[in-house]
Amino acid sequence: MRILPLSWYQNPDVVALARDLVGMVLATEFGGERTAGRIVETEAYMGAQDRASHAYKGRTPRTEVMFGAGGRAYVYLCYGIHQLFNIVTNTGGIPHAILVRALEPLEGIETMLRRTGKKSLDASLTRGPGNVGKALGFHTTQCGRLLTGPELSIGDDGFRFPPGQVLASPRIGVDYAGDDAALPFRFYVSGHPNVSGKPR
């Protein structure tokens with residue numbers, strides 16, 4: 001599998017990157033435990049001009065990593081519970097990011113089950129960004145880590161979903177963003193059981 005180079009993330013088109021990430025393999029190896037899954041749902045966030053983005057209100061200690069060059073992890077705590085994994089994109093100073101919302105588990109399923117407290121494998125294991133964060137062992141202390149390994153990487157193993165199977169929709173849970181809430185910046189595999197949102 002080819003690990004995506006840092007230059008791949010520094011593309012200025014965050015929406016195209018969010019679409020292209022569907023089908024790629026996200027892998028972690030924290031504490032000697034490897035887990036991996038195929039990305040089946042993403043959301044793009046277009047920085048300072050996007051009211052749904054954390055960077056809309058400017059640079060803060062939490063969003064500082066978003067203003068760096070693409071190819072690093074942005075992990076933040078949501079509702080005081082969920083560790084959500086995002087990918088910083090574009091060049092330095094332009095805070096674009098992509099949220100990974102769902103995966104199809106590939107490796108380390110027993111580890112994922114233990115981390116999530118689930119007894120058996122089903123589609124809910126890595127459905128939704130909170131479950132992705134828990135199953136793959138993400139924590140805010142990993143914010144800023146490079147996506148080129150060895151602990152964290154995204155790779156291309158040559159697999160592709162059929163073009164007509166990857167659809168776009170508005171993002172989920174951003175109703176506060178006004179007109180930006182309607183932007184078709186969410187990409188998902190139609191009919192895949194691990195996808196977290198209903199078709200819109």
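# Rings, an arginine and a helix

Visitor: Which backbone oxygen does the side chain of R171 reach in this predicted model?
Guide: Start with the place of R171, the loop between β8 (166-169) and β9 (186-189). From there, its side chain reaches a backbone oxygen at 2.9 Å. That oxygen belongs to A44.

Visitor: Is R171 buried or exposed?
Guide: Buried means under 20% relative accessible area. R171 has 1%. So R171 counts as buried.

Visitor: Which residue's side chain joins that of R171 in a polar contact of 2.6 Å?
Guide: A polar contact needs a pair of N or O atoms within 3.5 Å. At 2.6 Å, the side chain of R171 has such a contact. The partner is D50.

Visitor: How far is R171 from the ring centre of Y45?
Guide: R171 lies over the face of Y45. To count, CZ of Arg must be within 6 Å of the ring centre. For R171 and Y45, the distance is 4.6 Å.

Visitor: Over which ring does the charged end of R186 sit?
Guide: Here the charged end lies 4.3 Å from the ring centre. The ring is that of Y188.

Visitor: How many aromatic pairs are there?
Guide: Ring centres must lie within 6.5 Å to pair. By this rule, the count is five.

Visitor: Why does the pair of F85 and F138 count as it does, stacked or edge-to-face?
Guide: Planes under 30 degrees apart count as stacked, over 60 as edge-to-face. The centres of F85 and F138 are 4.4 Å apart, and their planes meet at 10 degrees. So the pair is stacked.

Visitor: How many residues apart in sequence are the parts that F85 and F138 tie together?
Guide: F85 lies in strand β5 (residues 82-89). F138 lies in the loop between α4 (129-135) and β7 (152-156). So the pair ties together parts whose separation in sequence is 53 residues.

Visitor: What angle lies between the planes of F159 and F161?
Guide: These two rings form an aromatic pair, 4.8 Å centre to centre. The pair is edge-to-face, and that takes over 60 degrees. The angle is 90 degrees.

Visitor: Is F159 buried or partly exposed?
Guide: Its partner F161 is buried, with a relative accessible area of 12%. F159 has 33%, and the cut-off for buried is under 20%. F159 therefore counts as partly exposed.

Visitor: Which residue follows α3?
Guide: In helix α3 (residues 109-116), T111, M112, L113 and T116 are buried. Their cover includes β3 (33-45), β6 (96-107) and α4. After α3 comes a residue with a positive phi, near 80 degrees: G117.

Methods: Residues numbered from 1 in each chain as written. Predicted model: local features only at pLDDT ≥ 70, side-chain atom pairs only at ≥ 80, totals over all residues. Heavy atoms only, no water. Phe/Tyr/Trp six-rings, centres within 6.5 Å; stacked < 30°, edge-to-face > 60°. Helix = DSSP H or I, 4+ residues; strand = E, 2+ residues; numbered from the N terminus. Buried < 20%, exposed > 50% of the residue type's maximum accessible area, 1.4 Å probe, protein only. Lys NZ or Arg CZ within 6 Å of the ring centre and 35° of its normal. Contact = heavy atoms within 4.5 Å. Polar contact = N/O pair within 3.5 Å; in protein donor to acceptor, adjacent residues only side chain to side chain.
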